[in-house]
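Hi everyone, thanks for coming. I'd like to walk you through a structure that may be new to you, so let's bring it up on the screen.

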Amino acid sequence: MKIYSLVYVSTMKENLSEIKFQELMHSSYINNHINDITGVLILYKNKFIQIIEGESSKIKLLFSKIKVDNRHYAVQLLAEGFIENRSFQDWSMAYYNPSIKNKTLTTEEELKKNLLTFLNKDILKNRITTVFYNKIMQIFEIQE
Ligand SMILES: Cc1cc2nc3c(=O)[nH]c(=O)nc-3n(C[C@H](O)[C@H](O)[C@H](O)COP(=O)(O)O)c2cc1C
């Protein structure tokens, strides 16, 4: 089976509460597991960047829901298409947002460190992950 992958950026609604954010993370984790969808969701300040991979009809259906989700806006699709193999083994997330106050959230430095461990050049195997990688470098202002 060919795998479909998609990457987008968006802006989080300013008034999204911590509890609503945690609910979103929890339900996404469960749904993605059930639907065999893998990828990464990153929240940095108020910007989301997400990459998802899976069966094409499942990815398209999920993105049609994400696009109209009122917990964020300005959803901009950066790249989509079929890929040979998945780049991520499961679905994970990393977030840093000073307004979401929770002791378990990572600090900005921790997040950058975590990012660099999974963003090694191994993920540059396909066009979609390359777009994801380059966008992260830009958002985090990481010099290569
Ligand atoms: C930034 C962002 C990322 C999301 N990522 C996922 C995701 O990876 N998986 C998921 O199932 N829902 C995700 N959602 C939630 C979907 O928009 C939608 O609410 C969810 O799929 C439940 O839809 P349903 O109740 O119609 O099945 C995300 C929402 C936002 C705002």
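Let's start at the ligand. Helix 1 contributes the most to the shell around the ligand, giving 4 residues. Please keep in mind that this is a predicted model. Helix 1, which covers 18–34, has company: strand 3 (47–54) and helix 2 (56–67) also supply at least two residues each to that shell. There are 15 residues around the ligand, and those that come nearest are Ser28, Asn31, Lys65, Asp69 and Arg71. And what is the shell like, in terms of nonpolar, polar and charged residues? It splits into 6 nonpolar, 6 polar and 3 charged.

Now let's step back to the whole chain. You can count 4 helices and 5 strands, and along the sequence they run β-α-β-β-α-β-β-α-α. If we take the contacts between residues at least 6 apart in sequence, 75% of them join residues at least 24 apart. Of the chain's 144 residues, 22% count as buried.

On to the core. In soluble globular proteins, nonpolar side chains tend to be buried together. Here, the largest nonpolar core has 17 residues, and Leu6, Val7, Ile51, Ile52, Ile59 and Ile128 have the most contacts inside it. Strand 1 (3–12), strand 2 (38–44), strand 3 and helix 4 (127–139) each bring at least two residues to this core, with strand 1 giving the most, 5 residues.

Let's finish with one residue to find on your screens. Leaving aside residues up to four places away in sequence, Leu6 touches Ile52, Ile59, Phe63, Leu77, Glu80 and Ile128. Thanks for listening!

Conventions:
Residues numbered from 1 in each chain as written. Predicted model: local features only at pLDDT ≥ 70, side-chain atom pairs only at ≥ 80, totals over all residues. Near = placed C-beta within 6 Å. Nonpolar A, V, L, I, M, F, W, Y, C, P; charged D, E, K, R; others polar. Buried ≥ 20, exposed ≤ 12 C-beta atoms within 10 Å, placed from the backbone. Contact = placed C-beta atoms within 7 Å. Core = buried A, V, L, I, M, F, W, Y, C linked by C-beta atoms within 7 Å.
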